[in-house]
Amino acid sequence: MESKFDEIIDRTNQLDIKWGQSEKVFGSTDVLPMWIADMDFASPKPVLDALKSLLDSRILGYTAPPDSLYQAIIDWQKERHHMELTKEAILFSPGVVPSIALIIQTFTKENEAIMIHDPVYTPFSNMITLNHRRCVRSTLIVEQNQFKMDFIEMEKQMVEQQVKLFILCNPQNPGGRVWSKEELIQLAELCKKHQILIISDEIHGDLIFQPYQLASLVTLDSSYQEFVITLSAATKTFNLAGIKTSMIYVQNKFLADQLKSAQAKTEQSNLTTFGYIGTEAALTKCGPWLTDLLQYLSENLEIICAFFDKELPDVAYMKPQGTYLFWFDCSSLNMTDAELAAHFATVGKIGLNAGAAYGPAGSQYMRLNFAAPKSLINEGLNRIKAAFENR
Ligand SMILES: Cc1ncc(COP(=O)(O)O)c(C=O)c1O
């Protein structure tokens, strides 16, 4: 049956990072771009309609977030993630990555240690090192083709390196793990014991496949509100990255006041009108769109897994429990990481993210973004197969 997500929309303009910059990123314009984490699907109609009516009003003056937006966020987080928020606990920020930078700058000092998992979303380590903090990586264990946390090693490093902040990615990018309640509690208890603040980046938290469920870290015990700051956005869920709007949820008043005063120093909390309007429309009117999206993404995932099982049976992969990212092992190609990245672009003619960028433990992996129409997924899979077959 035809789906609205089957439509191919031309994205080949130079503003578009994913489709417009292949020459710069991959050295050629004939790659099929399946890398950076946005989707090749039209944003939901209610969001587009809301933005159109803003334009129809013909006034693009200064704006402030309305109470209705706060309420939309409070309702979404309560209904979807059992999180209790008040207006005072919600801060706006132009992005999750800028929020991470702000929290690092506000709550840690130069040379202090910040822990992340390895591999993990590349900007975590970038924000740590660009802000002259020490990046301590805790390597994830791979068990039955899924990531697991190594709590013993984590605690050892927390103590030895005097870690001050932990940046968690849940669900995990690049492996798609939706961390279990038990794992999250074990992590939070370790951080509590060693007085480590936690950032829980839950930007992919609405993109979860059955039967998994996001356990939002701060909801697992009321004491976690004292040291967990949650980052979220409607931009990943509803494909709105260009509106540059995200939220920081911080229930501890002392932490919230510190962040508000840090934001005040740079006026960072004043966002675009498009961001406020787009976020509110997404959270209030696009629940059904999200249901359809998850159905389509899970079909794509089944297609990909079936293809790998049949056509590339020796290639190990992680079946994601959430996100639209597919992480697979390319060590059978016997190449260096630099060679691998070039090989997929030049021989496979497919633009993927190179695993090594996610940390040393990402070496020999590639990451495929499967938020694309099925026809592109099928084309991408054939190109991946060609890359494996044409050594
Ligand atoms: C885990 C994670 N955090 C943050 C971001 C980006 O967030 P933002 O665009 O709000 O800075 C991404 C985008 O891929 C991501 O995967």
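Here is a short chat about a predicted model, covering its ligand site, a sheet and some backbone oddities.

Colleague: Which residues around the ligand have a polar side-chain atom 2.8 Å from one of its oxygen atoms?

Modeller: Both of these contacts come from side chains, and each goes to an oxygen atom of the ligand. One sits at 2.8 Å and belongs to His 204. The other, also at 2.8 Å, comes from Lys 236.

Colleague: And which residue offers a polar backbone atom to an oxygen atom of the ligand?

Modeller: Look along the run Gly 95, Val 96, Val 97 and Pro 98, which is part of the set around the ligand. The backbone contact comes in at 3.0 Å, and the residue is Val 97.

Colleague: How much of the ligand's area does the protein bury?

Modeller: Start with the ligand taken alone, which exposes 400 Å². The space it takes is the largest pocket. Of that exposed area, the protein buries 88%.

Colleague: Which element gives the most residues to the shell around the ligand?

Modeller: The shell has seven nonpolar, three polar and two charged residues. Val 96, Val 97 and Pro 98 are among its members. The top contributor spans residues 96-107 and gives three residues: helix α5.

Colleague: Moving on to the open sheet of four strands, which are its edge strands?

Modeller: The order is β11-β12-β15-β14, and the pairing is antiparallel. An edge strand here pairs on one side only, and that picks out β11 (317-318) and β14 (353-354).

Colleague: What is the bridge partner of Leu 325 in β15?

Modeller: Strand β12 covers residues 325-329 and β15 covers residues 365-369. They run antiparallel, joined by five bridges. Within β15, the partner of Leu 325 is Asn 369.

Colleague: Where does Pro 171 sit, given the cis peptide bond from Asn 170?

Modeller: That bond has omega near 0°. Pro 171 itself is in a loop, with β7 (163-169) on one side and α8 (181-193) on the other. So that's the β7 to α8 loop.

Colleague: There's a cis bond leading into Pro 211 too; which residue does it come from?

Modeller: Pro 211 is in the loop between β8 (197-201) and β9 (228-232). Omega is near 0° here, and the bond starts from Gln 210.

Colleague: What is the phi of His 82?

Modeller: His 82 belongs to the loop between α4 (67-81) and β2 (90-93). It is not a glycine, yet its phi is positive, at about 55°.

Note on methods:
Residues are numbered from 1 along each chain as its sequence is written. This is a predicted model: local features need pLDDT of at least 70, side-chain atom pairs count only at pLDDT 80 or more; totals for chains, interfaces and linings use all residues. Side-chain values use heavy atoms; hydrogens and water are left out. A residue is near a molecule or strand if one of its heavy atoms lies within 4 Å of it. A polar contact is a pair of N or O atoms within 3.5 Å; within protein, one must be able to donate a hydrogen and the other to accept it, and residues adjacent in sequence count only if both atoms are side-chain atoms. Accessible areas come from the Shrake-Rupley method with a 1.4 Å probe; for residues, only the protein chains shown count as cover. On a 1 Å grid over the protein atoms alone, a cavity is a set of points where a 1.4 Å probe fits but cannot get out, and a pocket is an open set with protein on both sides within 12 Å along at least five of seven lines; lining residues have an atom within 4 Å of a point. A molecule sits in a cavity or pocket if more than half of its atoms lie within 2 Å of its grid points. Helices (H or I, at least four residues) and strands (E, at least two) are DSSP runs, numbered from the N terminus. Ala, Val, Leu, Ile, Met, Phe, Trp, Tyr, Cys and Pro count as nonpolar, Asp, Glu, Lys and Arg as charged, and the others, Gly among them, as polar. Two strands pair if DSSP finds at least two bridges between them.
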